Amino acid sequence: MPYGEKTEEQLIEFADNIFKFFEKKNAKAVVIACNTSSAVAYEKLKDNYNFKIYPIIQSVCSTLAQLDVKKLCVIATPATIKSHTYSKEIAKYNSEMEVIEIPAPNWVRIVEEHRINQPQSIQQVKEILEIAQSYSPDKIVLACTHYPYLMDVLKKFMPEEKFIDPSVFFAQNIKKDLTVLNDKFEYEKFYVSADPENFKTASELFYKLTELPELITL
């Protein structure tokens with residue numbers, strides 16, 4: 001962590017190990033919530049396992065392409081931006097939409113390290129938004145799981161309605177698909193590859209864990 005700073009080879013290796021772990025657990029479907037993994041690893045690995053894979057970028061770009069906007073800005077990790085997956089996928093559905101891609105290398109650490117309201121963090125957010133604003137985008141996609149948790153800072157500089165959290169579209173698509181399949185969740189179980197205590201603390205931003213995740217070695 002963060003994935004956005006890893007090489008393509010590392011990201012593919014991480015994803016492959018995780019998918020093999022879930023395969024041993026007899027998973028019916030695996031959700032790639034990470035934009036970076038969707039951008040770099042999905043196409044390389046999607047046909048190698050016996051379960052369905054839901055990648056966030058490839059799943060939401062058809063929806064983004066239908067938005068009534070001419071110019072869309074995507075702020076993401078360096079690895080996601082380097083892949084140009086958002087622009088490529090949106091172009092499949094809407095070749096007229098202009099997609100601007102901007103890396104925000106520090107934003108994940110700001111969230112993970114609980115530094116959201118520190119002056120240096122606010123300045124780092126502001127600098128990226130100034131670059132985005134120079135393109136006069138109609139909407140800005142927060143293309144990383146962590147970025148929506150910066151909204152209290154983001155809306156200091158731009159209206160909240162300017163930003164899009166793609167995970168909302170993603171969750172709706174998955175829910176619709178699983179409803180059609182009539183699949184039900186039987187239980188929840190969390191696994192981490194390092195520092196369960198820190199993950200339990202950090203995860204309070206989005207979910208209240210009742211017990212420590214299980215530490216595994218992939």
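**Exercise 1.** In this predicted model, S37 is found in helix 2, which spans residues 35–40; determine whether S37 is buried or exposed, and list which residues S37 touches when those up to four places away in sequence are not counted.

*Solution.* Begin with the relative accessible area of S37, which is 7%. The cut-off for a buried residue is under 20% relative accessible area, and S37 is therefore buried. Turning to its surroundings, and leaving aside residues up to four places away in sequence, S37 touches Y3, I32 and Y42.

**Exercise 2.** Describe how helix 4 (residues 56–65) and helix 6 (residues 85–93) pack, and state which residues make the contact.

*Solution.* Two packed helices are described by the angle between their axes and the distance between the axes. For helix 4 and helix 6 the angle is about 50°, and the axes lie 8 Å apart. Since angles from 65 to 115 degrees count as roughly perpendicular and those under 35 degrees as roughly parallel, helix 4 and helix 6 are therefore oblique to each other. The crossing in which helix 4 passes helix 6 is right-handed. Helix 4 contributes I57, Q58, V60, C61, S62, L64 and A65 to the contact, while helix 6 contributes T85, Y86, E89, I90 and Y93. Sorted by character, the residues of this contact comprise eight nonpolar, three polar and one charged.

**Exercise 3.** Identify the buried residues of helix 6, and explain why they line one face of the helix.

*Solution.* The buried residues of helix 6 are T85, Y86, E89 and I90. Viewed down the axis of helix 6, these buried residues fall within an arc of 120°, so they line one face of the helix. As background, an α-helix has 3.6 residues a turn, so residues three or four places apart point the same way.

Conventions
Residues are numbered from 1 along each chain as its sequence is written. This is a predicted model: local features need pLDDT of at least 70, side-chain atom pairs count only at pLDDT 80 or more; totals for chains, interfaces and linings use all residues. Side-chain values use heavy atoms; hydrogens and water are left out. Axes are lines fitted to C-alpha atoms, for helices over the stretch in contact, and angles run from 0 to 180 degrees between N-to-C directions. Helices (H or I, at least four residues) and strands (E, at least two) are DSSP runs, numbered from the N terminus. Angles under 35 degrees count as roughly parallel, over 145 as roughly antiparallel, 65 to 115 as roughly perpendicular and the rest as oblique. A crossing is left-handed if the near helix is turned anticlockwise from the far one by less than a right angle, and right-handed if clockwise. Contact means heavy atoms within 4.5 Å. Ala, Val, Leu, Ile, Met, Phe, Trp, Tyr, Cys and Pro count as nonpolar, Asp, Glu, Lys and Arg as charged, and the others, Gly among them, as polar. Buried means under 20% relative accessible area, exposed over 50%, partly exposed in between (1.4 Å probe, protein chains only). The arc is that of the directions from the helix axis to the C-beta atoms.
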